[in-house]
2 protein chains.
Amino acid sequence: MERIYLDHSATTRVHPEVREAMLPFLGEVFGNPSSIHWFGQEARQAVEGAREKVAGLVGARPEEIVFTSGGTESDNWALFGPAEAESQSHRPDGKRNHLVTSQIEHHAILHPAEILEKRGYQVTYLGVDRFGIVDPEALAETLTSRTFLVSIMMANNEVGTIQPVAEIAEKLRGKNIVLHTDAVQAMGKIPVDLRKLPVDLLSISAHKFYGPKGIGLLFIRKGTKMPHLIHGGSQELNLRSGTENVAGIVGLAKALEISARDFEANSLRLRRLQKRLEEGLKQKIEDISFNGHPEKRIPGLTNVSFSYIEGEAILLNLDLRGIAASSGSACTSRSFDPSHVLKAMGVSPELARGSIRFSLGRENTEEEVDLVLEALPGIIQKLREMSPIYPGKKK
Amino acid sequence: MERIYLDHSATTRVHPEVREAMLPFLGEVFGNPSSIHWFGQEARQAVEGAREKVAGLVGARPEEIVFTSGGTESDNWALFGPAEAESQSHRPDGKRNHLVTSQIEHHAILHPAEILEKRGYQVTYLGVDRFGIVDPEALAETLTSRTFLVSIMMANNEVGTIQPVAEIAEKLRGKNIVLHTDAVQAMGKIPVDLRKLPVDLLSISAHKFYGPKGIGLLFIRKGTKMPHLIHGGSQELNLRSGTENVAGIVGLAKALEISARDFEANSLRLRRLQKRLEEGLKQKIEDISFNGHPEKRIPGLTNVSFSYIEGEAILLNLDLRGIAASSGSACTSRSFDPSHVLKAMGVSPELARGSIRFSLGRENTEEEVDLVLEALPGIIQKLREMSPIYPGKKK
């Protein structure tokens, strides 16, 4: 069976050029970058070369780029680090213990936030509008003299909505509050230039843009106090201990390079495919609604709700036809709770349960989109016929 | 220049069979193991297959194996996890806040221990004898009703001394104290059978036994309460969040399989090479002393002190001749402090500074050892001639 992969927000296939770039580091070039001998220095050069390349591509300084084991570690660090720094500080005004995030963040942010709550921190979980957008004005109103951190994602992983991070940064100007943005879903899909975007911390994961799994980074703007999350040796600018994943780091840098190089062409292509998919769905299936902002959305991500039926059943039927999509975040795919993102956007639990995320990627074709548009109407109709709440049911 | 790598305790070259096993997961097989569709399930099978393989090789159950980003994360988790579990517990006897470790642990253990001290925990750092061995009797005497954790490494990374972990476990029997052992240096070099060795937690890093960098695991014996270190999605048996490093996990399992398969042959070979190296050094260079236990030592690791000179200078001169060795841990190679391990063993700071670690590996040959034995005496003599404290100096 020819298979169609439409779940690029969950993960992507390593780009052949990325794999090619990584191979020497799974063979000949194997030194420990911390070793002072030739083998070590060869590996060190690869790591520092990757760091410089990444820094150049995102508008950062090399010493502001710290490699981690992935987006989740980066996100955890972005919350626990500033909290730890705050608890170590001796401010005349006493300990600051308030952080602001949103209800639609990834669990890699929400769970650490909940842990900080248990430890006595106060957390504001901002709501969003029906498109999934955080209101910078509303955010500004929650800030107090005790607020030390704001963490708002750059683009949502379930509905693709792009957040007004620059406007949020504007609201924080001069306030001595650390601003983190989870750019795991945004990187490679919308431009990220840290010379213009005044965030202090930014998380990236390589496997979301055709790099390998198990490697990510945290951008830490110079001057931001960040205690370790992982402690031990003095690797990664003495900020993240553990022998560097050299092959992964090289792969991440290469993937970012390619994503910048192919950015315009890919964006155009993804938008065209996405339009074809969405127009087709609208034409062929009734009682559907699209989730996320109509324009402020990362290219290629379509989240659609099908009334009267369960997303899970749609996915299983698609999978039997060789089509891979998802019901939202892969990280919680074994959960039967409706999406916390759609809930925050005001989508009813019933409709949220009937939602599917298609996320297109660089290898998808118009033919594949057409195959989905051929297969899906029948699946939806079949499931609706089986649904006790479908009003159009044949007697 | 033909180069000779004698720093296998720092890291190893990925075994060609390991690389071969990893390649599909840097290409065709790319799903997110958390995705419920075919692509995800294909990746899930690879991860679970690797978990079962690893479990079988170390005598654990699959559900006791949790993959991490490496030895450092595993070690951090092994300390912070039980501490966190303790702080969440509601024991009638109040909070237990005492842990025991040794002065010769890796910094991935010592730094977390120091952080726990800052948070109010009491830490006993056990000394060692002149061979680098922790005394189980002395350890038993430090235990109190408030002790919740003991962490003693299986084999030391700088001198190779093997610790009496089984005897330590015996001392803890029935005491409701979690026992962790850092097996990062031991794995692949001495047999590890968790059916016989009653530790609760055990750390492994793949790149120390010809697997890839950036992947490790923590064995967590069933019944051991371990809160998350990295929080987010429900990956890794809901214990370690973050999309799984599938290629790394497959590589770790393959590397462990190979190390078990070739165990006898490699051990014999390494011991023979090590003997050749040590006998040669004794014959050819005077005023040297070997560090670590003469027998209870992992095969292939030789730590030797050269009086009157600096290890750093020896390493640089060896490196110029194409020979890679180290002055102890790669993770602290940029530090000029003498080794904390040799210090704990009672080696004087002067002698500790003149110490070198040779760690042999599967690709080393007798010819390579002989080349080192040819090069080293001249280097040592030259450096000693330059040393103001060398008594044999020519006038």
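**Exercises: D193(A), a helix pair and a two-fold**

The backbone nitrogen of R195(A) sits 2.9 Å from a polar atom of the D193(A) side chain. This is a predicted model, where local features need pLDDT of at least 70 and side-chain atom pairs count only at pLDDT 80 or more, while totals for chains, interfaces and linings use all residues. Side-chain values use heavy atoms, leaving out hydrogens and water.

**Exercise 1.** Find where D193(A) lies and which residues it touches.

*Solution.* Start with the loop: D193(A) lies between β6 (178–182) and β7 (201–205) of chain A. Next, look for contacts (heavy atoms within 4.5 Å). Skipping residues up to four places away in sequence, D193(A) touches V58(A) and G59(A).

**Exercise 2.** Work out how α2(A) and α8(A) are arranged relative to each other.

*Solution.* First, the axes of α2 (residues 38–58) and α8 (residues 246–261) of chain A come within 9 Å and cross at roughly 30 degrees. Angles under 35 degrees count as roughly parallel, so α2(A) and α8(A) are roughly parallel to each other. Then check who makes the contact: α2(A) brings residues including A43(A), V47(A) and V58(A), and α8(A) brings residues including V246(A), I249(A) and E257(A). Finally, sort the contact residues: 14 nonpolar, no polar and 3 charged.

**Exercise 3.** Work out what relation links chain A and chain B.

*Solution.* Lay chain A on chain B: a turn of 180 degrees and a shift of 0.0 Å along the axis give an RMSD of 0.0 Å. That is the relation of a two-fold axis. Now find the chain A residue closest to the rotation axis: S69(A), at 3.0 Å (C-alpha). Last, 100% of the interface residues of chain A are also interface residues in chain B, so the copies meet through the same surface.

Note on methods: Residues numbered from 1 in each chain as written. Chains lettered and ligands numbered in written order. Axes fitted to C-alpha atoms, helices over the stretch in contact; angles between N-to-C directions. Helix = DSSP H or I, 4+ residues; strand = E, 2+ residues; numbered from the N terminus. Parallel < 35°, antiparallel > 145°, perpendicular 65-115°, else oblique. Nonpolar A, V, L, I, M, F, W, Y, C, P; charged D, E, K, R; others polar. Polar contact = N/O pair within 3.5 Å; in protein donor to acceptor, adjacent residues only side chain to side chain. Least-squares fit on C-alpha atoms with pLDDT ≥ 70 in both.
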